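Here's a walk through one chain fold, meant to be read with the model open beside you. Rotate as you go.

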Amino acid sequence: MAVSQTDIALAARLADAAGAAIRPYFRAEHGVEAKEDQSPVTLADRAGEEAMRKLLIAERPMDGIIGEEFGVREGTSGRQWVLDPIDGTRAFIAGRPVFGTLIALVDDGWPVLGVIDQPIINERWLGVTGRQTLFNGKPATTRICRELNQAILATTSPALFDNGQLHAFEHLDAKVMSTVLGGDCYNYGCVASGWLDIVVEAGLKLHDFAALVPVIEGAGGRMCDWQGDPLHAGSNGEVIAAGDPARIDDILEAMDCRGH
């Protein structure tokens, strides 16, 4: 099923609703707690997802919902809205506006629409399969990167890799021009707009990466797993985003993880 203008408008309204729920907690009392996996969660995370779920249940009762905070609501349409109200909760807690709200529409396991919304500095990327990615309503385009030694690489934290993954990342880090840490989903927006070249991460869940795929690919980049395969609902959470698709093979060769 194709993505409709109604889907796109709904995604924008979801982002608006989440932002309105999240902003009052930024650099204010946010009631941080530790989840079972020891990752942090705040009142803002929960309020943002509740606002989005309320809209979806009212307007798309046949569609499923997969949310980071409140789990799965089964649907019957074959489509799921995948929600991460605050991707980058640690940045949010620290008062750094480099977190984002992620909203994806997944059809038969494949991401077909994605939003990265930064509600504090009012930046929004919208990606739809088959269309040009938009950044605040204007076309976003990745940049050409002729060689890895010209690339700027980003990852949220090397501490999130296991030992084997860290070795692969370090091999790539040694070949690029420079590496920046932190950023969560905001890094992928920067790739889509041509300010960063590569993001490499692991351990991501569907709500962490589904929205990113249409944004990156609609801007001219490519996303894949560490074997070079496209990302879908069953992917293992090892993620590469490259602004210049011509560098994917170079990245995989540098990381030496194909077939491992």
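## Cysteines, sheets and helices

C224 is buried, with a relative accessible area of 0%, where buried means under 20% relative accessible area, exposed over 50% and partly exposed in between (1.4 Å probe, protein chains only). Keep in mind that this is a predicted model, in which local features need pLDDT of at least 70 and side-chain atom pairs count only at pLDDT 80 or more, while totals for chains, interfaces and linings use all residues. Residues are numbered from 1 along each chain as its sequence is written, and side-chain values use heavy atoms, with hydrogens and water left out.

C145 is buried too, at 3% relative accessible area. So why no bond between C145 and C224? The closest cysteine sulfur to that of C145 is the one in C224, and at 15 Å it is too far for a bond. A search of the whole structure turns up 0 disulfides, a disulfide being a pair of cysteine sulfur atoms within 2.5 Å.

**The open sheet.** Helices (H or I, at least four residues) and strands (E, at least two) are DSSP runs, numbered from the N terminus, and two strands pair if DSSP finds at least two bridges between them. On that basis, an open sheet of 8 strands runs in the order β4-β3-β5-β6-β7-β8-β9-β10, with mixed pairing. β4 (71-73) and β10 (138-139) are the edge strands; each has a single partner, so one side of each is left without a neighbour in the sheet. Further in, β8 (residues 123-128) and β9 (residues 134-135) run antiparallel and are joined by 2 bridges, with L126 opposite L134 in β9.

Helix α1 (residues 5-22) packs on this sheet, touching β5 (79-87), β6 (100-107), β7 (110-118) and β8, and its direction makes about 30 degrees with that of β5. Helix α2 (residues 43-59) packs on the sheet as well, touching β3 (64-67), β4, β5 and β6, at about 155 degrees to the direction of β5. Contact here means heavy atoms within 4.5 Å; axes are lines fitted to C-alpha atoms, for helices over the stretch in contact, and angles run from 0 to 180 degrees between N-to-C directions.

In the loop between α2 and β3 sits P61, partly exposed at 43% relative accessible area. Leaving aside residues up to four places away in sequence, P61 touches L56 and R73. For a sense of scale, P61 and H167 are 106 residues apart in sequence and 45 Å apart in space, C-alpha to C-alpha.

**The later strands.** Strand β11 (residues 152-155) pairs with strand β12 (residues 178-181) in the parallel sense over 4 bridges. The chain gets from β11 to β12 through helix α4 (residues 163-173), and this β-α-β crossover is right-handed; that is, with the strands pointing away from the viewer, the path from the first strand over the helix to the second runs clockwise. In this pair, L153 has T179 of β12 as its bridge partner.

β15 pairs antiparallel with β13 over 4 bridges, and 3 bridges join β15 to β14, also antiparallel. Opposite V239 in β15 stands E201, and opposite A241 stands M223. V239 and A241 point one way from β15, I240 and A242 the other, and all are buried.

**Two one-sided helices.** In α4, Q165, A168, F169 and L172 are buried. Looking down the axis of α4, these fall within an arc of 95 degrees, so they line one face of the helix; the arc is that of the directions from the helix axis to the C-beta atoms. Their cover includes β11, β12, β13 and α8.

Helix α8 (residues 248-255) buries I248, I251, L252, A254 and M255. Their arc around the axis is only 160 degrees, which puts them on the same side of α8. Among the elements covering them are α4, β13 (198-201), β14 (222-224) and β15 (239-242).

**Positive phi.** Most residues other than glycine have a negative phi, but a few here don't follow suit.

| Residue | Phi | Place |
|---|---|---|
| N122 | about 55 degrees | loop between β7 and β8 |
| D184 | near 50 degrees | loop between β12 and α5 (186-192) |
| D256 | about 55 degrees | just after α8 |

N122 counts as exposed, at 55% relative accessibility, whereas D184 is buried at 19%.
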